[in-house]
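These are my notebook entries on a structure I had not looked at before. I wanted to see what its interior is built from, and then to follow one helix and one group of rings.

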Amino acid sequence: MKFMNLYHKRRYQKIKKLYPKSNSELQGVLYIISGNQELYKKILPALENRSTCAYDLLNSESFSSEATVLAELAMDIYKGEDSFHGSDLFQLNQENFTLAIRAKEYGFQPAL
């Protein structure tokens with residue numbers, strides 16, 4: 001698995017320890033959450049406290065426009081749906097675009 005940087009890798013490993021038996025869909029969600037600072041900061045406390053699931057948080061929190069695109073992508077991955085619009089990727093900066101594409105490369109992403 002290729003991470004965006006060392007921080008992404010460490011954040012992913014930290015979250016992954018909370019969900020050691022996660023399926024590929026949840027791994028994809030964790031990959032996206034750990035790769036975006038805004039998603040990570042807003043969602044990690046609830047994941048650590050197990051107060052709610054990542055999907056519920058992604059669906060209920062308010063995010064910037066770019067984080068919203070990534071959250072929608074993560075929700076589609078988790079649900080195994082193919083409703084994400086690939087054209088939404090053009091709203092992303094280079095780093096978030098790469099994050100989304102890599103998620104697809106690892107098989108975590110529905111067809112764009």
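Entry 1, a residue in the interior. I kept in mind throughout that this is a predicted model. I began with Ile32 and looked up its contacts, leaving out residues up to four places away in sequence; the list holds Leu39, Leu70, Leu73, Ala74, Ile77, Leu99 and Ala103.

Entry 2, the core. I then asked which residues touch the most other members of the largest nonpolar core. Among its 30 residues these are Ile15, Tyr19, Ile32, Leu39 and Leu70, so that Ile32, where I began, is one of them. Next I looked up which elements give two or more residues to this core, and found helix 1 (6-18), helix 2 (24-35), helix 3 (37-49), helix 5 (65-79) and helix 6 (94-105). Helix 5 gives the most, with seven residues. I noted beside this that nonpolar side chains in soluble globular proteins tend to be buried together.

Entry 3, helix 3. I looked up its start and found that Asn36 caps the N-terminal end, with a side-chain oxygen 3.1 Å from the backbone nitrogen of Glu38. The buried residues of helix 3 are Leu39, Tyr40, Ile43, Leu44, Ala46 and Leu47. Helix 3 bends by about 40° at Ile43, and Pro45 is a proline that follows within four residues. I also checked its length: at 1.5 Å a residue its 13 residues should span 18 Å, and the end C-alpha atoms lie 19 Å apart, which agrees.

Entry 4, the rings. How many aromatic pairs does a search of the whole structure find? It finds three. In one of them, Phe3 and Tyr31, the ring centres are 5.9 Å apart and the planes stand at 35°, so I entered the pair as tilted. Because Phe3 lies in the segment before helix 1 and Tyr31 in helix 2, this pair ties together parts that are 28 residues apart in sequence. Phe3 has a relative accessible area of 17% and is buried, and Tyr31, at 0%, is buried too.

Tyr31 also forms an edge-to-face pair with Tyr12, at 6.4 Å centre to centre and 70° between the planes. Since Tyr12 lies in helix 1 and Tyr31 in helix 2, the pair ties together parts 19 residues apart in sequence. Tyr12 is buried, with a relative accessible area of 7%. I closed the entry by noting that ring pairs link Phe3, Tyr12 and Tyr31 into a cluster.

Terms used: Residues numbered from 1 in each chain as written. Predicted model: local features only at pLDDT ≥ 70, side-chain atom pairs only at ≥ 80, totals over all residues. Heavy atoms only, no water. Core = buried A, V, L, I, M, F, W, Y, C linked by side-chain atoms within 4.5 Å. Buried < 20%, exposed > 50% of the residue type's maximum accessible area, 1.4 Å probe, protein only. Contact = heavy atoms within 4.5 Å. Expected span 1.5 Å × (residues − 1). Bend = angle between axes of the 7 residues up to and from the residue. Polar contact = N/O pair within 3.5 Å; in protein donor to acceptor, adjacent residues only side chain to side chain. Phe/Tyr/Trp six-rings, centres within 6.5 Å; stacked < 30°, edge-to-face > 60°.
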